[in-house]
Each structure stands twice: as C-alpha cells, then as structure tokens.
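Visitor: I should like to go through this model with attention to its confidence, surface and cysteines. Please display the sequence and structure before we begin.

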Amino acid sequence: MNRVEDRRAYAFHYFIRAAILCGFSFYIVYLVKTGSMPHYLAPRLVPYVKASAIALFVLAVIQIYLALQPAAGKEPDCGCESDVRKSKLSHSAAYSLFLLPLLLGFLLPDRVTGSDIVQVKGIQLNTSSLQTQRNASPQDDPPKKELSSGGTSQGGEDTEEARLKEMFKGSRFTEDYAKLAMRLYKNKTILIGDKGFMEKLTAVDLFAGNFAGKQMEISGFVYREDGMPKNQFVVARLTMQCCSADASPYGVIVEAPGADSYLKDTWVTVKGTIRKSVYEDKDVMKLEGAVIQKIKEPSSPYVYPYAGDFADLGK
C-alpha cells in the first residue's frame, strides 16, 4: 500500500469504530427513553451508565476526527495504530465481537417472563437460610398468648416489649432481622412491599413459627412447580443486586381454593394467614386461605436491597 491507500484504510476503520461506539451510546439512550433500563440494572448504577453514554459518544467523535485527518505528512512510526494490512476476516471477527451484542440488544425483547428465569435458576422458598448466617436457631414455637396491640400503661408497654424480645431472639448474625421481626409483629397485617422486600421476607421466614397465624400481604407473579397441588402456587419476585445477570427468584407458597385458575406469570396481590409447612423435605412458609387479586404488572419486575437505615424498616 502507498501512503494514500494506507490512510484511506485507517480512515475506514476509524469510521467503523465510531459507528460501534455511537451504537452503544444510542442504545443506552434508547433504554433510558423507553424506560427499559430497570430490566438490566439496579437503580443505583443507572447514573453511571448514563454518564458512560456521554463518554462513548465523545470517543466516537474523536474517532471521526482521526478519520478525517489528511493523508499528507510523515507516517506515524510509534506503532500505536493498528495494522490495517490484516486480513478482512481478522477485522470482521474483531468487530463482530462488538456488533453482535449490540444487534442482540436492539433485536431481542427487553424482558423475559419471571417463570422463564425461575425455570433456569430455580425458586427459593426459604429466604432465611440464604440471606443470613445463623449460628443459633430462633425459637420456633410462638407463645400461647398473642400480644395486644391496644393501648396499655407504661408498665404494660415495658412488659410487651420484654415479651417481644423473648420471642425474637437473634444471634449476632441475625440481630437486625430479629429487631425487624419485632417491629413487623406489631402490625395487624404484615405488608411485604417493594421497599425492603427481601429484608422483611427474611425476617418473617426466620421466625416463621412466631408469625404463624398472622396475616401477610405480598405481591408478585404466579409460578408453579411441577407436581404442586391444584390449590397451590408460588407468588414470586426477582431480586437484583447489581444487574439482571445476578437476578434470583424468591417466593412464598400460596394455598387457596381456585388457585389453579391463575395462569403462570399473572401478577397478583395475595393476603393470607402465615403457616409453617414442608416442601421437598425443607421447612418453608406458606400463606393459607389466601385472598387473591389480579394486579397490573409493575414497570420493573425486580426488587432491590434496601439502601436506607435498616432500623426504619417495618415502622
């Protein structure tokens, strides 16, 4: 190649690189504009990804600037530019490593159903064994006397607080969950919402024996394991720590008449009575006699770790 032909080859590759960088930048913008970003990343990472879109676009502009430089002048001899004399197959293979995921991002749907993920990763029905490290087992048998939620004297309040502490004893690994369980127990209905979903569910599951007989309300999508009775399904959610690759499905068994009328991946709100049960030789929690209501699928199927003060949960 002479100098002019060499320069044209360099310019061609600069334009290809600029196109790839612009593609990734525009794809991020597309995800933001369509509201699809929550399907891939936890909210705390979104600002960084938005900033990366700007950085990628700036790099693309630099590549275009280099491509438009005239061929005149001394050829660089620093060895910092790639060898344009490589075969077309080599260049095509290198660029395809970037183009393929970009094309898949645009062409494939932004979401998959919750059941699809559960079938790949399996459902977790015992959150406490996975979310906490336990050296001491909590008490399984609740006191016979239900604590009153009505007004009491100062002395009565102190007595109730002492009884709660006796009921919810945690190890040094589960102390925060024990305190959360105490706060949740005081509520007439335990609401497991998106905020603090895993933390609340773990606290209840950890002390499931003490919560037996209490009412709990939880929302999620319907999932069925093979061989489940017709009057049962799992109400499940996907938890995300960082990105969709680490998504994990967690859920609670629901038992109610007519449960088989709800198709998989139907989004529902369930309110039922907490009971201890056994599923596949494992101690699990279930909601018995549940009242089921269909709801609209939320904008994001994921729930995330609670980022606030743990002491504020359950209040």
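Visitor: In which element of the protein chain is confidence highest, and in which is confidence lowest?

Guide: This is a predicted model, in which local features need pLDDT of at least 70 and side-chain atom pairs count only at pLDDT 80 or more, while totals for chains, interfaces and linings use all residues. Residues are numbered from 1 along each chain as its sequence is written, and side-chain values use heavy atoms, with hydrogens and water left out. The pLDDT is the predictor's confidence in each residue, from 0 to 100, and helices (H or I, at least four residues) and strands (E, at least two) are DSSP runs numbered from the N terminus. Confidence is highest in strand β2 (residues 215-223), at 95, and lowest in helix α5 (residues 127-131), at a mean of 63.

Visitor: Over which residues is the pLDDT below 50, and how many contacts does this stretch have beyond near neighbours in sequence?

Guide: Where pLDDT is low, the predicted coordinates should not be read in detail. A contact means heavy atoms within 4.5 Å. The stretch with pLDDT below 50 covers residues 132-151, and its contacts in the model beyond near neighbours in sequence number 38.

Visitor: Which helix gives the largest share of the nonpolar patch?

Guide: Patch residues have over 30% relative accessible area and no salt bridge (a side-chain nitrogen of Lys or Arg within 4 Å of a carboxyl oxygen of Asp or Glu); like charges are joined within 9 Å, and nonpolar side chains (Val, Leu, Ile, Met, Phe, Trp, Tyr) within 5 Å. Here Tyr30, Leu99, Leu103, Phe106 and Leu107 make a nonpolar surface patch of about 490 Å², with areas from the Shrake-Rupley method, a 1.4 Å probe and, for residues, only the protein chains shown as cover. Tyrosine 30 lies in helix α1 (residues 3-34). The largest share, four residues, comes from helix α3 (residues 88-107).

Visitor: Is tyrosine 30 buried, partly exposed or exposed?

Guide: Buried means under 20% relative accessible area, exposed over 50%, and partly exposed in between (1.4 Å probe, protein chains only). Because its relative accessibility is 32%, tyrosine 30 counts as partly exposed.

Visitor: How far from cysteine 242 is the nearest cysteine sulfur?

Guide: A disulfide requires a pair of cysteine sulfur atoms within 2.5 Å, and by this rule the count is zero. Cysteine 242 is in no disulfide; the sulfur of cysteine 243 is its nearest cysteine sulfur, at 4.5 Å.
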